[in-house]
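Reader: Could you pick one part of this model and go through it slowly with me? I'm a first-year student, so please explain the terms as you go.

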Amino acid sequence: MITLNSSPIAWLNRQYLDLGPLNGGKPHHYGIEFSYHSLVNNTSMPYGLQVNISPLFRESLIKETGMFQYRVDHPLQLAKALRTERWEKLCEYLSNYQELPTLTKLRVMNLLRSLCFHKIVKEYIPEMAGSVIADNIDLARLALCRTLSSRIYHFGDGTFDYIKEIETIANNAPSGSRVKINASLQLVVEYAKTFGDLAATEFWFEAVTKEIQNLKSSLNDFEYNLLMSVYYRSVSFIPFLRRDKEKVVEEMSLCESYARNLTCDNELQEVVARENLSLCIESRSKEAIWLKNLDLAEERVRLIVQMEPLEPRYHLELAEVLTKQGKIEEAAKVYRSATRLGPPGTPVAWFMAGQCHEKMGELEVASDCYLASIQIEPEAISVVEQLSDLAPRLGNIALKNWSNLRLAELQEMQRKLKPKARSRYQSESLSELKRAADKALV
């Protein structure tokens, strides 16, 4: 019988499956731990982690580890025999949710959000009018929690209703509150990154800059440095949209400076600071790519890999930079290392490793990599196309016949399915695989 200890990936990520003990790992693992203790100890978290983990992560984790007994849409659906004491505690809160104080409701929802149950968060927290948010800061926090789940749940599906919800919070939450500032910063990023709307981005930049001045005097050094690091990473999109390279570098340098000035007094601060610095350096690596300085991009991504060696997406980013530099053999090794770290992006890592080995003339190894990728994502057409092209060169008649047959099946499936009717987890091309990996950590 497959257990949580049967797989290193399941063991490392077991919190997502049964709220078991923290086994080390990445900041988002610590985020679950902090959220759980905040709930059961009835204590507040003065700041949280920035990365939202999507339902795609849970689905990929279960699929890659074979832990299908843990595939549930709601924590109450998990079989009693599989529940830990902590999972049972969460279920007690959910069963009595309507009677809970508002702050406790917020802590329950934050824990659900950290576990990727974003659809459930949306169901438990109703959309709120601006007047309700303006009158109650705790309800404003609940509204923001709902909005963050709404955003990650619909990220990339072409629907943007969550933008209106964020605007309601940014317009109506009490002036000088972190809720108002966080919502406004999110709008800066959304209008820049998602829509490329410079005018709207500048509007919210001006609004959030004023709000920070109202809040500044109430912040301690850690809170202020963290806020300013996030602020400069967000508003650097404005010079980016203007193609002002010098201003982008200037503001991202400020972002990094504030990130490195974070002095920590406890474990929560240490994890928050570590995540923030990683996100800052990740943005700076993309800045270097934009500036066509691949050596600097490599230097920066290598630093993030050292900081977060268990985070597969950073390995993927390093391998991508190495590929751009023509360092194919090293890129193949890094892609292979990413395949051992679990979701998100395992099928992408296998596919790209195959591409590298194919460029090096190692066709058998490339074939093995493509087969490993298709084992995880059976509907990825681009991988089957690659196998169909590679099989004749290998002289593998069986693989050629199968890949041609499977390719025809997938093409027919695509023809019949309307785009919006596709499964949330179906990947019909390599670009879809990459988007799925990106959506798993936003």
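Author: Let's start with one helix, then look at some charged side chains elsewhere.

Two bits of housekeeping. This is a predicted model, where local features need pLDDT of at least 70 and side-chain atom pairs need 80 or more, while totals for chains, interfaces and linings use all residues. Numbering starts from 1 along each chain as its sequence is written, and side-chain values use heavy atoms, without hydrogens or water.

Our helix is H6, residues 102-114. Helices here are DSSP runs of H or I with at least four residues, numbered from the N terminus. The end C-alpha atoms of H6 are 18 Å apart, which agrees with the 18 Å that its 13 residues should span at 1.5 Å a residue. (That expected span is 1.5 Å times one less than the number of residues.) You can try the same check on H21, residues 363-376: its 14 residues reach 20 Å from first C-alpha to last, close to the 20 Å expected.

Now, how covered is H6? Mostly: 10 of its 13 residues are buried. Buried means under 20% relative accessible area, exposed means over 50%, and partly exposed is in between (1.4 Å probe, protein chains only). The buried set includes Leu106, Val108, Met109, Leu111 and Leu112, but also Lys105, Arg107 and Arg113. These buried residues pack against helices H2 (15-18), H3 (27-40), H5 (85-95), H7 (118-124) and H9 (137-154).

Zoom in on Val108. Leaving aside neighbours within four places in sequence, Val108 is in contact (heavy atoms within 4.5 Å) with Leu39, Leu90, Tyr93, Leu94, Tyr97 and Leu100. Val108 and Met109 also have the most contacts inside the largest nonpolar core, which has 132 residues. Such a core is a set of buried Ala, Val, Leu, Ile, Met, Phe, Trp, Tyr and Cys residues joined through side-chain atoms within 4.5 Å. Just after H6, Cys116 takes a positive phi of about 80°.

One of the helices packing against H6 is H9, and that brings us to charged pairs. Arg141 forms a salt bridge with Asp138, with the closest N and O atoms 2.5 Å apart. (A salt bridge is a side-chain nitrogen of Lys or Arg within 4 Å of a carboxyl oxygen of Asp or Glu.) The two sit 3 residues apart in H9, so about one helical turn separates them. Arg141 counts as partly exposed because its relative accessibility is 34%.

The structure holds 28 salt bridges. In H17 (residues 294-307), Glu298 and Arg302 are 4 residues apart, about one helical turn, and their closest N and O atoms are 2.9 Å apart. Here Glu298 is buried at 10%, whereas Arg302 is partly exposed at 28%.

H23 (residues 397-416) has a pair 3 residues apart, Arg415 and Glu412, meeting at 2.6 Å, N to O. Arg415 is exposed at 59%, and Glu412 is partly exposed at 30%. Salt bridges can also share partners: Glu256, Arg260, Arg284, Glu287 and Arg300 are joined into one network that way.

For contrast, try Glu211, in helix H12 (residues 198-215). Glu211 is buried yet has no salt bridge, and the nearest side chain of opposite charge, Lys180, is 4.7 Å away.

Key: Lys, Arg positive; Asp, Glu negative; His and termini not counted.
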